Amino acid sequence: MKEEDYTRQRERMVATQIESRQLRNPRLLAAMRKIPRHKFIPTERWHVAYDDRPVMIGEMQTISQPYIVALMTNLLKLKGNERVLEIGTGSGYQAAILAEMCAHVYTVERHTALSEQAARTLKELGITNVTVRQADGSLGWPEQAPFDAIMVTAAAPAVPEPLLNQLEVGGRLVVPVGQPGMQTLQLWQRGESGFEQEMIVPVSFVPLRGEYGFKKDW
Ligand code: SAH
């Protein structure tokens with residue numbers, strides 16, 4: 001397929017998977033139309049890049065379904081000037097979408113191979129406002145904290161305490177919390193005197209590992 005065929009598939013993806021499900025934020029839709037999702041997955045799976053489902057990216061990890069990427073991004077209510085932390089870089093696709101909508105993205109991935117590949121892909125696409133780090137993201141990124149928004153793209157047994165601590169007052173954090181195969185997407189908002197928490201939708205993510213992640217039970 002030619003690049004223009006992928007562009008057409010991407011247009012259709014936004015219309016049928018995002019807009020049709022009531023996500024209408026123009027900046028979000030523009031980002032999803034612009035970022036070439038296929039470039040973030042192995043070439044042999046480019047034909048399914050714009051399907052309505054997650055795609056394997058190697059190391060037993062997946063790039064989320066486009067709708068889930070859109071939904072989670074939308075929950076952060078980004079205006080353009082924020083510094084955002086992402087835990088679970090994976091392919092780098094979610095980071096690229098965030099990068100279209102804020103000032104700078106700090107993203108942490110524990111797998112060295114995935115982290116290096118994501119950094120390469122972002123560089124090739126000329127995306128310069130993403131910093132990729134290989135580390136245990138369940139500890140956040142203390143040297144760069146506080147963040148205006150935080151997104152965790154792996155399932156946690158409970159919201160990691162260091163991430164709450166690294167959130168700016170007025171900031172928003174989205175994280176899937178629960179058990180293997182079934183979690184709830186949680187939205188946390190930091191106020192002057194504490195946190196408000198909201199349950200959004202049931203989701204299914206790969207496990208968050210590391211100090212505040214799942215240990216042997218998954
Ligand atoms: N956001 C990614 C998909 C995430 S899949 C994308 O757009 O492609 C979840 C990722 O979280 C996996 O790559 C996994 O290796 C990573 N992960 C799991 N535990 C982690 C931890 N403690 N720190 C950093 N990354 C972690």
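Which label fits Lys77, buried or exposed? Select Lys77 and find out: with a relative accessibility of 54%, Lys77 counts as exposed. Here, buried means under 20% relative accessible area, exposed means over 50%, and partly exposed is what lies in between (1.4 Å probe, protein chains only).

Before you click on, keep in mind that this is a predicted model, where local features need pLDDT of at least 70 and side-chain atom pairs count only at pLDDT 80 or more, while totals for chains, interfaces and linings use all residues. Residues are numbered from 1 along each chain as its sequence is written, and side-chain values use heavy atoms, with hydrogens and water left out.

**Stop 1: Lys77 and its neighbourhood**

Stay on Lys77, which is in the loop between H3 and E3. Elements are DSSP runs numbered from the N terminus: helices (H or I) have at least four residues, strands (E) at least two. Check the backbone here: Lys77 is not a glycine, yet its phi is positive, about 50°. Most residues other than glycine have a negative phi, and most peptide bonds are trans.

Step back one residue to Leu76, in the loop between helix H3 (66-75) and strand E3 (83-87). Leu76 is buried, at a relative accessible area of 3%. Now add Gln189 to the selection: 113 residues separate it from Leu76 in sequence, but C-alpha to C-alpha the two are 9.6 Å apart.

Next, select H3 itself. How many of the 10 residues in H3 are buried? Nine of them are, so the helix is mostly covered. Among the buried ones, pick out Tyr67, Ile68, Leu71 and Met72.

**Stop 2: Two walks out from H3**

Keep Ile68 on screen and pick Thr153, in the loop between E6 and helix H6 (161-165). Thr153 counts as buried, with 14% relative accessibility. Draw a C-alpha to C-alpha line from Thr153 to Ile68: it spans 9.9 Å, for residues 85 apart along the chain.

For the other walk, go from Met72 to Glu116, which lies in helix H5 (residues 112-124). Glu116 and Met72 are 44 residues apart along the chain, and their C-alpha atoms are separated by 24 Å. Glu116 is partly exposed, at a relative accessible area of 46%.

**Stop 3: The ligand**

Now zoom to the ligand and show what is near it, meaning any residue with a heavy atom within 4 Å. You should get 26 residues, the closest being Ser91, Glu109, Asp136, Gly137 and Arg209. Colour that shell by type and you get nine nonpolar, 12 polar and five charged residues. In this scheme, Ala, Val, Leu, Ile, Met, Phe, Trp, Tyr, Cys and Pro are nonpolar, Asp, Glu, Lys and Arg are charged, and the others, Gly among them, are polar.

Which element gives the most to the shell around the ligand? It's E2, with three residues. Strand E2 (61-63), helix H4 (93-101) and strand E4 (104-109) each supply at least two.

Turn on polar contacts next; for the ligand, that means pairs of N or O atoms within 3.5 Å. A ligand nitrogen is 2.7 Å from a backbone N or O atom of Arg209. At Asp136, a side-chain N or O atom lies 2.9 Å from a ligand nitrogen. At Arg110, look for a polar backbone atom 3.2 Å from a ligand nitrogen. On its own the ligand has 580 Å² of accessible area, and the protein covers 99% of it (Shrake-Rupley method, 1.4 Å probe).

Where does the ligand sit? In the largest pocket. A pocket is an open set of points, on a 1 Å grid over the protein atoms alone, where a 1.4 Å probe fits and protein lies on both sides within 12 Å along at least five of seven lines. A molecule sits in one if more than half of its atoms lie within 2 Å of its grid points.

**Stop 4: Backbone oddities and one last pick**

Select Met60, in the loop between strand E1 (55-58) and E2. Met60 isn't a glycine, but its phi is positive, about 65°. Met60 counts as exposed, at 70% relative accessibility.

Jump to Pro146, in the loop between strand E5 (130-134) and strand E6 (147-152). The peptide bond joining Ala145 and Pro146 is cis, with omega about 0°.

Finish at Arg37, in the loop between helix H2 (26-34) and E1. Arg37 is buried, with a relative accessible area of 0%.

Methods: A polar contact is a pair of N or O atoms within 3.5 Å; within protein, one must be able to donate a hydrogen and the other to accept it, and residues adjacent in sequence count only if both atoms are side-chain atoms. On a 1 Å grid over the protein atoms alone, a cavity is a set of points where a 1.4 Å probe fits but cannot get out, and a pocket is an open set with protein on both sides within 12 Å along at least five of seven lines; lining residues have an atom within 4 Å of a point.
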